[in-house]
Amino acid sequence: MAYLVDGNNVIGQTPGWHRDKPGSRRRLLDELAAFAAATKARVTVVFDGAPSDGFPDGSSFRGVKIYYPGRGSDADSVIERLVASSSDRRGLTVVTSDRALAAEVRGLGARVVRSGEFRKQM
């Protein structure tokens, strides 16, 4: 099983995350890495905004692949592109609370789990 996570949606489930965006990203990466290790799932996360120090675009953190949108783009566009280019869309679960993105990736064949529900699963 593979998960494609809308990072800002998931960290947005935690009150006050916006006060410490780099810290919130790092905590989510720790949680995703633990989830990936426990479930043996492949996990990719896409964050809106500029890359965090130490975690450049395309890097990995303890097995979790990390992407950011380019200038003038957003995480949703990156997620749509990754789903569209996947050779196993039915084996892909997109984690997002964005309704438009959820509808788009479902149309491409991916499964969708809402961010809050995924938080509970982690």
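**Close-up views of a predicted sheet and its helices**

**View 1. Helix α3 rests across four strands.** In this predicted model, helix α3 lies across β1, β2, β4 and β5. Its direction makes an angle of about 165° with β1. Look for residues 75-85 to find this helix.

**View 2. Helix α2 also lies across the sheet strands.** Helix α2 covers residues 21-39 and lies across β1, β2, β3 and β4. Here the angle is given against β2 (residues 42-46), and α2 runs at about 165° to that strand.

**View 3. Helices α3 and α4 pack together.** How are these two helices oriented to each other, parallel or antiparallel? Helix α3 and helix α4 (residues 99-107) pack at an angle of about 10°, and angles under 35 degrees count as roughly parallel, so α3 and α4 are roughly parallel to each other. Their axes are 10 Å apart. On the α3 side, the contact is made by D76, I79, E80 and V83; on the α4 side, L101, E104 and V105 meet them. Sorted by type, the residues of this contact are 4 nonpolar and 3 charged, with no polar ones.

**View 4. Six strands line up in one open sheet.** Follow the strands in the order β3-β4-β2-β1-β5-β6. The sheet is open, it has 6 strands, and its pairing is mixed. A helpful reminder: strands of a sheet pair through backbone hydrogen bonds, either parallel or antiparallel. Which strands sit at the edges? They are β3 (60-61) and β6 (111-113), and each pairs on one side only.

**View 5. Strands β1 and β5 pair in parallel.** Strand β1 spans residues 2-6 and strand β5 spans residues 92-95. The two are joined in the parallel sense over 4 bridges. To get your bearings, find A2, which stands opposite L92 in β5.

**View 6. Strand β4 has a partner on each side.** With β2, strand β4 runs parallel, and 4 bridges join the two; in this pairing V43 stands opposite V64 of β4. With β3, strand β4 runs antiparallel, and 2 bridges join them; here S60 has K65 in β4 as its bridge partner. Strands β3 and β4 form a hairpin with 2 residues between them. One residue in the turn, R62, has a positive phi of about 45°.

**View 7. The two faces of β4.** Which residues of β4 are on the covered face, and which on the uncovered one? V64 and I66 belong to the covered face, while K65 and Y67 belong to the uncovered face.

Definitions and conventions. Residues are numbered from 1 along each chain as its sequence is written. This is a predicted model: local features need pLDDT of at least 70, side-chain atom pairs count only at pLDDT 80 or more; totals for chains, interfaces and linings use all residues. Side-chain values use heavy atoms; hydrogens and water are left out. Axes are lines fitted to C-alpha atoms, for helices over the stretch in contact, and angles run from 0 to 180 degrees between N-to-C directions. Angles under 35 degrees count as roughly parallel, over 145 as roughly antiparallel, 65 to 115 as roughly perpendicular and the rest as oblique. Contact means heavy atoms within 4.5 Å. Ala, Val, Leu, Ile, Met, Phe, Trp, Tyr, Cys and Pro count as nonpolar, Asp, Glu, Lys and Arg as charged, and the others, Gly among them, as polar. Two strands pair if DSSP finds at least two bridges between them. Buried means under 20% relative accessible area, exposed over 50%, partly exposed in between (1.4 Å probe, protein chains only).
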